[in-house]
Amino acid sequence: MKRPSGPFLLLVLLLILPLILRDAYYQHLMILVLMWVAIGSGWNLISGYTGQVLFGAAAFFGFGAYTAALLSSKLGISAWWGLPLGGILSVAIAFPFGWICFRLRGPYFALATLALNEIFRHIATIWESLTDGMIGILVMQTFISKLPYYYVALAIAIFSIVTVDLVMRSRWGYYFVSIREDQDAAESMGIDTLHYKMLSLCISAFLIGIAGALYTNYMGFIDPKVVFSLHEISIMAILVGIVGGVGTIYGPLVGAFIMVAVQEIFRTGGFGILHFIGQSTGWPFMSGIIKYVSEAHVLSFGILVIVVILFLPNGIVGDWSLIRKSLVNSKKPAV
Amino acid sequence: MDVFLQTLVAGVLKGGLYALIGLGMTLIMGVMGIINLAHGQFMMVAMYITYVLFHFFGLDPYTTLIISMPSLFLLGVLIQKYLLNPLMKVESILPENQVLMTVGIAMVLTEIARFIFSSNYLSVRTSYSSSAFYLGGISFSVALTVAFGFACFLTLSLFWFLIKTDLGRSIRAVSQDAEAAELMGIDSGRIKVVTMGIGAGLVAAAGTLLLPIYYLFPDIGGPFTRKAFIITILGGLGSTVGAIFGGLTLGLAESFGATYIGMDFEDLVGLVIFLLVLLFVPGGFKRFTKV
């Protein structure tokens, strides 16, 4: 009975966390973390496990988000229907895309997904009669309190992790990993690689699409620049995946937590610490520093990518044994 | 008819510059086997160098080529030597690590530029920026024509370098078969460093040449990175002749798209062509050139 206790404790912690942390700001951050867990899990399935790097997670994310928003703004249906529909329609996009583009391998596939992302962004910007272009779409939020959103986000995050876990324990999981390790060998062992890559991409698109619809419901406002953003969504999804650990179940959880924390630390100037120092000491150059730091979160992302790839190529969860070893060694250096 | 010819001329002139951007990318692709997603950002850095030299030292944008190209060569060399080459030895699950690394480098370069110059649009205004001459009723922008001339000259020099010099031959050898080249005594690590430098230097030239007729802001790198990989894929990865065709195709497609479909569609046209080429002519125009 010792094995499942870790995830179980984590679940209980996540369930009661918003009841302890009553501050709306921290609840907001937790919702973002959970949303990124869903996106990261989706990314991890196709990229980390199946080895087909997805550079355009925002294509599916934005598609889910726009599905939810258009349901409410054009059809007058509650945007919550966007959760299942956004996921399903993302799959409907992923299917033909994968069918066509999975004949490309490695970096070429990654670039095709990048192009898909860009194409959707341009379409959402240009097709003003449907999407209102750069003005974006406003959706009325259902709840004032953050709690309901938190639990919906938690349910989606758990759903994503459980889905990926179940898939990876099944026969499909072994097929996916074999495709990642050596596609030609997998093919010659009788695995229909196109079929299983499609399957993996569709599940990923479904999870990412749901997360997009959640974003619309929670934020209440979307525009093409945000939901189809290369830096804020696609790159962030990759970061969540690789910082946490490529090809690990809990990697996206760790990655999402770290990435949202990094983003917020920079955006808020170390949660207001810099601001406090500036006020209490009255140094005139402090406000300049605060301004720079608050603009530096993309820079920190870039540096983080470089550092993580160089030193922790398999992420924090993937290289955990390595990290632990070096920590233990540094405590007692001379043996 | 005039509109058609005018669009054609504009497309070809722009295509010459695009070819220059694509050439650097395709060289890197051929030798390293990776797509350099920081390519447009290299260009952005070169444009800022030109801007600073023009603005504070009063140098003509075209003379700044002497400074911007070597600086970017150095930047490319340093990045390859200290960031990309070490990755060869790192064990990881994802093979696309190096591509991800270039994405990280791109973000860092963009943000550093934003720190120094803020997000404002800058431009270099010279006497010839908006002047044009006429040939048979078709207007040729002076700056664009000069840029096209420089682009042709640099392209020819590159081909001379690749075909005639020892270093150029080594680069081609590594790009054809890195292992065999190593067996012949070529230090492929060094060749990679040099290639990255040359690629960065070429795109720096494109940036500097483009600046008198364009504007400049930190995020300009992203769109040009995308254009560069569209050109590279159009031309066939690793093919230098293909990159010239790819650049011309993209230039023509964009200018015809802008004239006949609408300005909004300029970027979309390129992306759609990119996907169509991926689907119907995998391998790009390289197929037709046999080079």
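Is Leu304(A) buried, exposed or partly exposed, and how many other C-beta atoms lie within 10 Å? In this predicted model, Leu304(A) has 18 other C-beta atoms within 10 Å; because a residue counts as buried with 20 or more such atoms and as exposed with 12 or fewer, Leu304(A) is partly exposed. Leu304(A) has its place in helix H16 of chain A, and, when neighbours within four places in sequence are left aside, it is in contact with Leu239(A), Val243(A) and Val262(A). For one of these residues, Val262(A), the separation from Leu304(A) is 42 residues in sequence, while the C-alpha to C-alpha distance in space is 9.6 Å.

The pairing of Leu304(A) with Val262(A) belongs to a packing of two helices, since both residues appear in the contact described next. Helix H13, residues 251-267 of chain A, packs with helix H16, residues 297-311 of chain A, at an angle of about 140°, and the two axes are 9 Å apart. Angles over 145 degrees count as roughly antiparallel, whereas 65 to 115 count as roughly perpendicular and the rest above 35 as oblique, so H13(A) and H16(A) are oblique to each other. Their crossing is right-handed. H13(A) contributes Val262(A), Gln263(A), Phe266(A) and Arg267(A) to the contact, and H16(A) contributes His297(A), Ser300(A) and Leu304(A); by class, these are 3 nonpolar, 3 polar and 1 charged residues.

A second packing within chain A involves helix H3, residues 57-75, and helix H4, residues 82-101, which meet at an angle of about 135° with their axes 8 Å apart. H3(A) and H4(A) are therefore also oblique to each other, and they too cross in a right-handed sense. On the side of H3(A), the residues of the contact are Phe60(A), Phe63(A), Gly64(A), Thr67(A), Ala68(A) and Leu71(A), and those on the side of H4(A) include Gly82(A), Leu85(A), Gly86(A) and Gly87(A). The contact of H3(A) with H4(A) divides into 8 nonpolar and 6 polar residues, with no charged residue.

In chain B, helix H5, residues 142-164, and helix H8, residues 188-210, pack at an angle of about 165°, with their axes 10 Å apart. H5(B) and H8(B) are therefore roughly antiparallel to each other, and H5(B) passes H8(B) in a right-handed crossing. Here Ala147(B), Phe150(B), Ala151(B) and Leu154(B) of H5(B) make the contact with Leu202(B), Ala205(B), Leu209(B) and Leu210(B) of H8(B). By class, this contact has 8 nonpolar residues, and neither polar nor charged residues are found in it.

Between the two chains, 34 residues of chain A are in contact with 35 residues of chain B. On the side of chain A that touches chain B, helices H5 (106-126), H12 (230-244), H15 (286-295) and H16 each supply at least two residues, and the largest share, 10 residues, comes from H5(A). This side of chain A is made up of 26 nonpolar, 6 polar and 2 charged residues.

The largest nonpolar core has 191 residues, and those with the most contacts inside it are Ile39(A), Ala211(A), Leu214(A) and Ile21(B). One of these, Leu214(A), touches Met35(A), Leu83(A), Val152(A), Ala153(A) and Ile156(A), when residues up to four places away in sequence are not counted.

How values were computed: Residues are numbered from 1 along each chain as its sequence is written. Chains are lettered from A and ligands numbered from 1 in the order in which they are written. This is a predicted model: local features need pLDDT of at least 70, side-chain atom pairs count only at pLDDT 80 or more; totals for chains, interfaces and linings use all residues. Axes are lines fitted to C-alpha atoms, for helices over the stretch in contact, and angles run from 0 to 180 degrees between N-to-C directions. Helices (H or I, at least four residues) and strands (E, at least two) are DSSP runs, numbered from the N terminus. A crossing is left-handed if the near helix is turned anticlockwise from the far one by less than a right angle, and right-handed if clockwise. Two residues are in contact if their C-beta atoms, placed from the backbone, lie within 7 Å. Ala, Val, Leu, Ile, Met, Phe, Trp, Tyr, Cys and Pro count as nonpolar, Asp, Glu, Lys and Arg as charged, and the others, Gly among them, as polar. A nonpolar core is a set of buried Ala, Val, Leu, Ile, Met, Phe, Trp, Tyr and Cys residues joined through C-beta atoms within 7 Å.
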